[in-house]
Amino acid sequence: MTGFRQGIPEAQFFDGPTESLPFESDTFDVVFMLWKLEYIVDVKTAIQETVRVSRRAFDAKIITIQGAPDSELSRFLNTTPSLSPIAHQGRLLASSIEHLRAEGFSDNELTRIDTHYSFLETDIEERCNEASSLLSRFSASDCNRDELIPRLKLHFEGSRHAIGHGMVVSTSRLCRN
Amino acid sequence: MEADAETLFDYLGKRYEDAFADSPNLCKFIATAAQNLPAQSKVLDVGCGTGKPVANILASMGHDVYGIDISQEMVNIASSQVKGTFQKVDMRNYKPAFLMDGIFVVLSLFQITPGETYSMIYQWSQWLKPGCLLVIGVTPSTSLPENEVTYDATWDCHRQMQKPWMDKYTNETFFSEDGWQRMLQDAGFESELSSTFPFTPNDPDHQSTEIHYLVLARKNEAQPLLGPYPYVSEENKEQPVIRRNFFDDRLVSDDLSALLKQLSCRHEQILVLGDLPQSKLLAKQFCVASNK
């Protein structure tokens with residue numbers, strides 16, 4: 001089903017409901033969930049499905065990536081009234097870790113990775129406009145520019161070309177005990 | 001043009017110690033915190049400066065002191081006069097080799113941004129053993145004249161741009177006392193003791209009285225990365241779910257690339273859940289399987 005092509009491994013991508021995965025049981029060495037937890041309605045069933053399609057081997061991993069609590073991008077979304085707030089990432093991760101634990105994947109490790117959006121525009125007005133467009137894309141409706149642009153200007157006074165969007169990598173493995 | 005912290009403190013050297021080290025209220029608070037540590041604790045002084053007074057008090061009470069500072073000049077002075085291990089490193093990039101029993105961050109946060117300040121609190125928690133102590137020392141925004149600062153609504157803090165300080169200009173960040181208490185709680189710390197007092201530097205060209213606010217807090221949540229704490233029930237229940245693909249072309253992450261590369265180096269069966277095949281960052285690492 002998967003293999004290497006010019007040294008790059010193939011991966012199966014699936015963006016349907018995690019509660020019902022169209023794959024055979026005991027198949028994958030790595031199940032990688034990237035920013036998926038917000039969209040899952042039934043977390044218990046979804047985690048049971050990821051466990052079902054994972055190989056029952058000690059080196060199999062279920063890796064979940066969500067936002068870190070110190071993400072600057074999340075802070076903009078959560079504190080700017082005209083933008084749409086983001087769900088509590090730590091709580092989503094904690095819930096998934098608990099369900100994985102119940103399914104035997106109780107060996108869990110959390111690490112933070114540095115991730116940011118880069119704005120290399122030399123003109124600060126242009127940088128603010130680009131950042132404002134990006135934040136609007138992550139919201140239900142366009143932002144109030146009069147509100148957001150001054151915030152972004154202050155931000156770029158300190159972090160000249162980046163808005164941080166740190167992420168947490170949660171890796172769960174089968175417990176050997 | 002404002003000076004960055006490294007330039008500023010390389011320039012100041014011993015003059016900084018002469019101006020700020022003689023603070024009886026600060027020394028008393030540090031000594032009280034040090035008494036709350038187990039004997040021979042491993043303690044980290046973040047932004048240690050010349051090592052006086054903080055690292056020096058900790059070392060004299062028998063603790064095993066590690067100090068970091070962004071200025072090589074400060075590290076040289078600290079190494080020459082205080083028993084401990086001192087290293088030139090930017091706190092934002094520091095990764096300790098082992099967990100600490102105590103972390104002291106005293107008057108060393110002015111020149112980083114609000115987002116970096118918030119992020120550092122989570123990192124200190126990650127560097128600490130569960131149940132261990134953090135001490136911070138700052139100037140609260142509530143002590144500053146309103147006409148000299150700009151309110152930053154994103155972080156609920158104040159910024160002072162191009163502030164004249166010790167012959168240079170700096171950009172500085174200030175949170176209120178309540179702001180600090182909230183941020184510490186977010187990262188899973190419980191505040192146990194605080195002290196606020198005026199302090200006048202002993203420097204011929206810089207004698208403006210400033211307010212110092214010190215907090216002793218204990219790490220109460222084992223896993224800061226699952227914060228902010230506490231979890232509020234029913235939070236976000238009414239929020240509509242918005243589809244967001246954060247893997248925009250502007251997203252840069254050496255860490256994520258390294259993680260994906262590590263995975264893709266192995267001949268493994270990989271399933272990726274999410275709307276991501278179009279992501280350039282991911283496309284570098286994986287081919288999308290054409291059929292199954």
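**Exercise 1. Contacts and overall make-up of chain B**

Find what share of the contacts in chain B with a separation of 6 or more comes from residues 24 or more positions apart, and then describe the chain as a whole.

*Solution.* Begin with the contacts: in this predicted model, residues 24 or more positions apart supply 70% of the contacts in chain B that have a separation of 6 or more. Next, turn to the secondary structure, where chain B shows nine helices and 13 strands. Then consider extent and surface: the C-alpha atoms of chain B fill a box of roughly 75 × 45 × 40 Å along the principal axes, and the accessible surface of the chain comes to about 13100 Å², with 47% of it belonging to carbon and sulfur atoms. Finally, of the 292 residues in chain B, 55% count as buried.

**Exercise 2. The open sheet**

Determine in which order the seven strands of the open sheet in chain B are arranged, and which strands form its edges.

*Solution.* Recall first a general point: strands of a sheet pair through backbone hydrogen bonds, and they do so either parallel or antiparallel. In chain B, the seven strands follow the order 3-2-1-4-5-10-9, and their pairing is mixed. The edges are strand 3 and strand 9 (189–199) of chain B, each of which pairs on one side only. From one strand to the next, the twist averages 15 degrees.

Now look at one pair inside the sheet: strand 5 (residues 128–138) and strand 10 of chain B run antiparallel and are joined by six bridges. To locate a bridge in the structure, take V138(B), whose bridge partner in strand 10 of chain B is Y213(B).

The last step is to add the helices. Helix 6 of chain B packs on the sheet and touches strand 1, strand 4, strand 5, strand 9 and strand 10 of chain B, while its direction makes about 140 degrees with that of strand 5 of chain B. Helix 7 (residues 177–186) of chain B also packs on the sheet, where it touches strand 5, strand 9 and strand 10 of chain B, and its direction makes about 20 degrees with that of strand 10 of chain B.

**Exercise 3. Classifying aromatic pairs**

Decide how the rings of Y66(B) and F98(B) are arranged, and then do likewise for Y118(B) and W155(B).

*Solution.* A search of the whole structure finds 13 aromatic pairs over all chains. For Y66(B) and F98(B), the ring centres lie 5.1 Å apart and the planes stand at 70 degrees, so this pair is edge-to-face, given that planes over 60 degrees apart are put in that class. The pair links distant parts of the chain, since Y66(B) belongs to strand 2 (residues 64–69) of chain B and F98(B) to the loop between strand 3 (85–88) and strand 4 (100–106) of chain B, 32 residues apart. As for accessibility, Y66(B) counts as buried at 17%, whereas F98(B) is partly exposed at 31%.

The rings of Y118(B) and W155(B) are 5.7 Å apart from centre to centre, with 55 degrees between the planes, and this pair is tilted. Here too distant parts of the chain are linked: Y118(B) lies in helix 6 (residues 114–127) of chain B and W155(B) in the loop between strand 6 (150–152) and strand 7 (157–165) of chain B, 37 residues apart. Y118(B) is buried, with a relative accessible area of 4%, and W155(B) is buried at 6%.

**Exercise 4. Charges over rings and a cluster**

Identify the ring over which the charged end of K42(B) sits, and the ring over which that of R243(B) sits.

*Solution.* The charged end of K42(B) sits over the ring of F98(B), 5.5 Å from its centre. For R243(B), the charged end sits over the ring of Y39(A), 4.3 Å from its centre. Both chains also contribute to one aromatic cluster, which is formed by W35(A), Y117(A), F138(A) and F246(B).

**Exercise 5. Backbone details**

Work out whether Q40(B) and L107(B), which have positive phi values, are buried or exposed.

*Solution.* Phi of Q40(B) is near 55 degrees, and this residue lies in the loop between helix 3 (24–35) and strand 1 (42–46) of chain B. With 66% relative accessibility, Q40(B) counts as exposed. L107(B), which is not a glycine either, has a positive phi of about 55 degrees and lies in the loop between strand 4 and helix 6 of chain B; its relative accessible area is 11%, so L107(B) is buried.

Terms used: Residues numbered from 1 in each chain as written. Chains lettered and ligands numbered in written order. Predicted model: local features only at pLDDT ≥ 70, side-chain atom pairs only at ≥ 80, totals over all residues. Heavy atoms only, no water. Phe/Tyr/Trp six-rings, centres within 6.5 Å; stacked < 30°, edge-to-face > 60°. Helix = DSSP H or I, 4+ residues; strand = E, 2+ residues; numbered from the N terminus. Buried < 20%, exposed > 50% of the residue type's maximum accessible area, 1.4 Å probe, protein only. Lys NZ or Arg CZ within 6 Å of the ring centre and 35° of its normal. Pairing = 2+ DSSP bridges. Axes fitted to C-alpha atoms, helices over the stretch in contact; angles between N-to-C directions. Contact = heavy atoms within 4.5 Å. Areas by Shrake-Rupley, 256 points an atom, 1.4 Å probe, with all protein chains shown as cover.
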